[in-house]
Amino acid sequence: QVQLVESGGGLVQAGGSLRLSCVSSSKTFSSTAMGWYRQAPGKQREVVATLTSGGRTNYADSVKGRFTISRDNAKNTVYLQMDSLKPEDTGVYYCHGVYSMGSWGQGTQVTVSS
């Protein structure tokens, strides 16, 4: 069972930045497409950004130009750099394999104040 541990969340003012990290226990991490997802209060979880093993990225329209997903395969870690944060970015952020059916981590809370 792959374990995912997210960190880096916190409380930040609008316009600020945060960098999220997610460490995976997967032995095939380097060949796994990874994604960041978020769940806002009262809403369903949505995809924020994805990154294939080959380096191809995809972003939700709401975060394009502000968020950057990256990975360090040597550290089994995927990152999400979040800049120009907005109150609507508030939520719990999770990482997960894009095609994985495994369990989800606990996520990391991001709160953006106006």
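Two strands pair if DSSP finds at least two bridges between them. Keep that rule at hand for the first exercise. The structure is a predicted model.

**Exercise 1. Find which residue of β3 is the bridge partner of L4, and state how β1 and β3 pair.**

Step 1. Look for L4 in β1, which spans 4–7.
Step 2. Go across to strand β3, residues 18–24. The bridge partner of L4 there is S24.
Step 3. Count the bridges. β1 and β3 have four, in the antiparallel sense. At least two are needed for a pair, so the two strands pair.

**Exercise 2. Place β1 and β3 in their sheet, and name the edge strands.**

Step 1. Write down the order: β1-β3-β8-β7. The four strands form an open sheet with antiparallel pairing.
Step 2. Pick the strands that pair on one side only. These are β1 and β7, the edge strands.
Step 3. Add the turn between neighbours. On average it is 15°, direction ignored.

**Exercise 3. Sort the side chains of β7 by face, and describe the hairpin that β7 forms with β8.**

Step 1. Take the buried face of β7. F67, I69 and R71 point that way.
Step 2. Take the other face. T68, S70 and D72 point there and are not buried.
Step 3. Follow I69 across to β8, where its bridge partner is L80. In total, six bridges join β7 and β8 in the antiparallel sense.
Step 4. Close the hairpin. Four residues lie between the two strands. N76 sits in this turn, with a positive phi of about 50°.

**Exercise 4. Decide whether N76 is buried or exposed, and list what surrounds it.**

Step 1. Locate N76 in the loop between β7 (67–72) and β8 (77–82).
Step 2. Compare its accessibility with the cut-off. Buried means under 20%. N76 has 19% relative accessibility, so it counts as buried.
Step 3. Find a polar partner. A polar atom of the N76 side chain lies 2.8 Å from the backbone oxygen of S26.
Step 4. List the contacts, leaving aside neighbours within four places in sequence. They are C22, V23, S24, S25, S26 and F29. S24 has appeared before, as the bridge partner of L4.

**Exercise 5. Work out which rings form a cluster, and how each pair is arranged.**

Step 1. Start with the count: there are two aromatic pairs.
Step 2. Describe the pair of Y37 and W104. The centres are 5.2 Å apart, with 80° between the planes. Edge-to-face needs over 60 degrees, and this pair is edge-to-face.
Step 3. Ask what this pair ties together. Y37 lies in strand β4 (residues 34–39), and W104 in the loop between β9 (91–97) and β10 (108–113), so parts 67 residues apart in sequence are joined.
Step 4. Check burial. Y37 is buried at 12% relative accessibility, while W104 is partly exposed at 33%.
Step 5. Describe the pair of Y94 and W104. It is edge-to-face too, at 6.0 Å centre to centre and 90° between the planes. Y94 lies in strand β9, so the pair ties together parts ten residues apart in sequence. Y94 is buried, with a relative accessible area of 12%.
Step 6. Join the pairs. Y37, Y94 and W104 make up the cluster.

**Exercise 6. Name the charged residues that sit over the rings of Y94 and Y79.**

Step 1. Return to Y94. The charged end of R45 sits over its ring, 4.9 Å from the centre.
Step 2. Turn to Y79. R19 lies over its face, at 4.0 Å from the ring centre.

Definitions and conventions
Residues are numbered from 1 along each chain as its sequence is written. This is a predicted model: local features need pLDDT of at least 70, side-chain atom pairs count only at pLDDT 80 or more; totals for chains, interfaces and linings use all residues. Side-chain values use heavy atoms; hydrogens and water are left out. Buried means under 20% relative accessible area, exposed over 50%, partly exposed in between (1.4 Å probe, protein chains only). A polar contact is a pair of N or O atoms within 3.5 Å; within protein, one must be able to donate a hydrogen and the other to accept it, and residues adjacent in sequence count only if both atoms are side-chain atoms. Contact means heavy atoms within 4.5 Å. Rings of Phe, Tyr and Trp (its six-membered ring) pair if their centres lie within 6.5 Å; planes under 30 degrees apart count as stacked, over 60 as edge-to-face and the rest as tilted. A charge sits over a ring if NZ of Lys or CZ of Arg is within 6 Å of the ring centre and within 35 degrees of the ring normal. Axes are lines fitted to C-alpha atoms, for helices over the stretch in contact, and angles run from 0 to 180 degrees between N-to-C directions.
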